[in-house]
Amino acid sequence: MNHQEKLQRRAALYDENVALLAEVDKPETTVERKAEIRSKIAANINEMQGLTKDIESHEANLAAAGIIDAKGKIKPPAEPKDHSKDMPYPEGARGLAEQLHDVYNYYHNGELSERLAQVQAAATGGSSGVPSEGGFFVQPNQSDQLITTAIEQDDVLSKMSSINLGANEDRAERKMVRDRSRKNGFRWGGVVAYRRAEAATVTAFKSDDFKTWECRLEDIMAVTYLTERLAEDVSQLEGMIQSDVPKEIAFKLTDEAFRGTGVGQMLGITKSGSLVSVPIESGQTLANGTIKSENISKMWARVPAANRKNAIWIYNQEMEPYFDSLNM
């Protein structure tokens, strides 16, 4: 029996003994029956004592683990700790700007601030005092925000799916559906729907339309140069970091999304097997740079119906004059 079942069993034995004692006091109860009742009550008490010993031992373990209080009641779950308050620099671009300002003062003037010393003490893996051995580590909440800003403000990156990973994960893995046919038994990896009247036609089959997609993670870094005046001005430094760094990260990631080689970076659309190319019209050439309405219609026709609500057009701005002259 588990803990709850032992509690219920002990309560049931207690109620049974109360009822047996009431029966003993009845005038019509025979001597033989009274002897049976006393024997049963003694057996119940013996079992209750064993259950009580197990229950108290279990509750002592729970109390030691901080799960229940002194009265045996379960403690409410503790509020999750906000670790950002423990970090020496505040969250956001200003916090990163302040850290960079302190790093500049350390290498330029030899001044190690108290906050920078905390980052130095918390760093692992490389020396934080020698530039050639890694320099000072940036707090995770600072670098994460730069990446988040880059993704949220970009029209292409913001439409991509995201996968949350643990702190020590170095790869992402997903089960994927091949969806290589629209016939029964092949859609969505082998899902088939039947009407009740068709129940006799249900057949078992084995699907091979699932595959595993795996991606090893690669770091992305941004480098910027500062003048002495900018390094001394935290407010200007904050504005530059908040504006320029996410833009450059977004440009890099978006460029990879289209043209990435897949080696140490994203595999871009134009280099992947997912690219669908629509042939130009008869007599049309790429050299003259014109666009026909048929090009647009046939491209749209190749977009699966299920994807159309999220589809976007991406084009070179130099093509806009040709769009203005299209008609049908």
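**Notes on the predicted model**

1. Let's start on the outside. A nonpolar surface patch is made up of Ile 163, Leu 165, Met 176, Trp 213 and Leu 217, and together these residues offer about 400 Å² of accessible area. Ile 163 sits in the loop that runs between α5 (140-152) and β1 (171-177). With a relative accessible area of 34%, Ile 163 counts as partly exposed. Bear in mind throughout that this is a predicted model.

2. Now the overall layout. The protein chain has nine helices and two strands, and their order along the sequence is α-α-α-α-α-β-β-α-α-α-α. Of the 328 residues in the protein chain, 22% are buried. The chain exposes about 24,400 Å², with carbon and sulfur atoms supplying 52% of that. As for contacts between residues at least 6 apart in sequence, 54% of them join residues at least 24 apart.

3. On to charges. Side chains of opposite charge can pair when their charged atoms come close. How many salt bridges does the structure hold? There are ten. One of them brings the side chains of Glu 23 and Arg 33 together, at 2.9 Å from N to O. Glu 23 belongs to helix α1 (residues 3-24) and Arg 33 to helix α2 (residues 31-64), so this pair ties together parts ten residues apart in sequence. Both partners are partly exposed: Glu 23 has a relative accessible area of 24%, and Arg 33 comes in at 29%. The pair also has company, as Glu 23, Arg 33 and Glu 36 are linked in a salt-bridge network.

4. Glu 98 and Arg 115 are another pair to look at, with their side chains meeting in a salt bridge at 3.0 Å, N to O. Here Glu 98 comes from helix α3 (residues 93-109) and Arg 115 from helix α4 (residues 114-122), so the bridge ties together parts 17 residues apart in sequence. Are the two partners buried or exposed? Glu 98 is buried, because its relative accessible area of 14% falls under the 20% cut-off. Arg 115, at 31%, is partly exposed.

5. The strands have a salt bridge as well: the side chains of Glu 214 and Arg 171 meet at 3.3 Å, N to O. This one links distant parts of the chain, with Glu 214 in strand β2 (residues 210-216) and Arg 171 in strand β1, 43 residues apart. Glu 214 is partly exposed at 46% relative accessibility, and Arg 171 is partly exposed at 32%.

6. Back to helix α3. It has 17 residues and reaches 23 Å from its first C-alpha to its last, close to the 24 Å expected at 1.5 Å a residue. Its buried residues include Ala 93, Gly 95, Leu 96, Ala 97, Glu 98 and His 101. Just after α3 comes Gly 110, which has a positive phi near 75°.

7. What does Ala 97, in helix α3, touch beyond its neighbours within four places in sequence? Its contacts are Val 234, Leu 237, Glu 238 and Ile 241. Ala 97 is buried, with a relative accessible area of 0%. The C-alpha atoms of Ala 97 and Glu 232 are 10.0 Å apart, although 135 residues separate the two along the chain.

8. His 101 also lies in helix α3, and at 14% relative accessibility His 101 counts as buried. Not counting residues up to four places away in sequence, His 101 touches Ala 231, Glu 232, Val 234 and Leu 237. Val 234 and Leu 237 therefore turn up in the contacts of Ala 97 and in those of His 101, and they are among the buried residues of α7. An α-helix has 3.6 residues a turn, so residues three or four places apart point the same way.

9. Last, helix α7 (residues 234-259). Its 26 residues should span 38 Å at 1.5 Å a residue, and the end C-alpha atoms are 37 Å apart, which agrees. Where is the kink in α7 centred? The kink, of about 25°, is centred on Ile 241. Ile 241 is one of the buried residues of α7 and is in contact with Ala 97. Others on the buried list of α7 include Met 240, Val 245, Pro 246, Ile 249 and Leu 253.

Note on methods: Residues are numbered from 1 along each chain as its sequence is written. This is a predicted model: local features need pLDDT of at least 70, side-chain atom pairs count only at pLDDT 80 or more; totals for chains, interfaces and linings use all residues. Side-chain values use heavy atoms; hydrogens and water are left out. Patches are made of residues with over 30% relative accessible area and no salt bridge: like charges are joined within 9 Å, nonpolar side chains (Val, Leu, Ile, Met, Phe, Trp, Tyr) within 5 Å. Accessible areas come from the Shrake-Rupley method with a 1.4 Å probe; for residues, only the protein chains shown count as cover. A salt bridge is a side-chain nitrogen of Lys or Arg within 4 Å of a carboxyl oxygen of Asp or Glu. Helices (H or I, at least four residues) and strands (E, at least two) are DSSP runs, numbered from the N terminus. Buried means under 20% relative accessible area, exposed over 50%, partly exposed in between (1.4 Å probe, protein chains only). Contact means heavy atoms within 4.5 Å. The expected span of a helix is 1.5 Å times one less than its number of residues. The bend at a residue is the angle between axes fitted to the seven residues ending there and the seven starting there.
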